[in-house]
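Please open the structure in your viewer and keep the selection tool at hand. The stops below take you from one selection to the next, with a short account of what is found at each.

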Amino acid sequence: DLNEHALKDTIAELDPDKAFYYAVNVGDENETKAYVQAAIERFGKIDLFFANAGIEGVMKPIEEYPSEIFDRVYNVNVKGTFLGLKYVIPKITNGGSIIITSSIGGFGSSPFASAYVASKHAVMGLMRTAALELASRKIRVNTVHPSQTNTRMMKDIEKDLGDSKARETFSASIPLGRYAEPEEIANMVLFLASDQSEFITGTTFRVDGGMDASF
């Protein structure tokens, strides 16, 4: 993350012998090289890469969407994933796992979220390409696709829409009737990180409260 203060707070909650942080702009090539090298120096190897960095941009129609914000979203969500793959792949152990966060937006669309939706489609292409390229090394590559989740991002999207009932509307579109909790997304990531998923690669995993069944 870029927010070093938040990173420090998170590490303070964990075992410092098992976790460390590195403040980085994932869309910067030199900083990406540095965080990969820092991980190798700290742990000796990389078994798992979870490309989870992402930003939402703003909620505006395409004709009003600021080009500089579109570029920023793509720089983090797409280029950040690409650079992570570029520099992690030579270091990750054979038989390892790569997990990329996409979104239910990667399967369809949503008004006023052109940059975000386009970026989440794009990382699916990166995932499928990497899955084929790395199959000979038994490295599996998959994407996770959360629906609306109870995080800072959704709170900001609701505020940006300027609709006091946005959360209610979003929740009503989910058959289970509520937002996901971050831990529920993490459970899917944990499964894909584990040896229980060793024959699963090149595919997509929705954690969406039944939204796929309703389309």
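Is threonine 149 buried or exposed? Threonine 149 is buried, with a relative accessible area of 9%, where buried means under 20% relative accessible area, exposed means over 50% and partly exposed lies in between, with a 1.4 Å probe and protein chains only. Before you go further, note that this is a predicted model, in which local features need pLDDT of at least 70 and side-chain atom pairs count only at pLDDT 80 or more, while totals for chains, interfaces and linings use all residues. Residues are numbered from 1 along each chain as its sequence is written, and side-chain values use heavy atoms, with hydrogens and water left out.

**Two buried side chains in loops**

Stay with threonine 149, which is found in the loop between β3 (140-146) and α5 (152-161); helices (H or I, at least four residues) and strands (E, at least two) are DSSP runs, numbered from the N terminus. A polar atom of its side chain lies 2.8 Å from the backbone oxygen of serine 147, which can be read against the definition of a polar contact: a pair of N or O atoms within 3.5 Å, where within protein one must be able to donate a hydrogen and the other to accept it, and residues adjacent in sequence count only if both atoms are side-chain atoms.

Next select serine 102, in the loop between β2 (92-101) and α4. Serine 102 counts as buried because its relative accessibility is 1%, and its side chain reaches the backbone oxygen of lysine 120 at 2.9 Å.

**Aromatic rings and a charge over a ring**

Now display the aromatic side chains: the structure holds 3 aromatic pairs, a pair being two rings of Phe, Tyr or Trp (its six-membered ring) whose centres lie within 6.5 Å, with planes under 30 degrees apart counted as stacked, over 60 as edge-to-face and the rest as tilted. One of these pairs is formed by phenylalanine 70 and tyrosine 74, which are stacked at 5.4 Å centre to centre with 10° between the planes. Both residues lie in helix α3 (residues 67-88), 4 residues apart, about one turn of the helix. Phenylalanine 70 counts as partly exposed because its relative accessibility is 31%, and tyrosine 74 counts as partly exposed at 28%. If you add Tyr65 to the selection, you have one aromatic cluster of Tyr65, Phe70 and Tyr74.

Then move to tyrosine 179, where arginine 167 lies over the face of the ring, at 4.2 Å from the ring centre; a charge sits over a ring if NZ of Lys or CZ of Arg is within 6 Å of the ring centre and within 35 degrees of the ring normal.

**Positive phi, and a pocket**

Most residues other than glycine have a negative phi. Against that background, select phenylalanine 112 in the loop between β2 and α4, whose phi is near 75°, a positive value in a residue other than glycine. Phenylalanine 112 counts as partly exposed, at 43% relative accessibility.

Which residue in the loop between α4 and β3 comes next? Lysine 138 is found there, and has a positive phi of about 60° although it is not a glycine. Lysine 138 is exposed, with a relative accessible area of 62%.

Lysine 138 also leads to the second largest pocket, which is lined by Gly95, Ala135, Lys138, Ile139, Arg140, Glu198, Phe199 and Thr201. On a 1 Å grid over the protein atoms alone, a cavity is a set of points where a 1.4 Å probe fits but cannot get out, whereas a pocket is an open set with protein on both sides within 12 Å along at least five of seven lines, and lining residues have an atom within 4 Å of a point. About 200 Å³ of space lies in this pocket, a volume being the space filled by probe spheres set on the points, which are joined across faces, edges and corners. The lining divides into 3 nonpolar, 2 polar and 3 charged residues, where Ala, Val, Leu, Ile, Met, Phe, Trp, Tyr, Cys and Pro count as nonpolar, Asp, Glu, Lys and Arg as charged, and the others, Gly among them, as polar.

**Last selection**

Finally, select asparagine 30 in helix α2 (residues 29-43), which counts as exposed at 57% relative accessibility. Asparagine 30 and leucine 83 are 53 residues apart in sequence and 9.6 Å apart in space, C-alpha to C-alpha.
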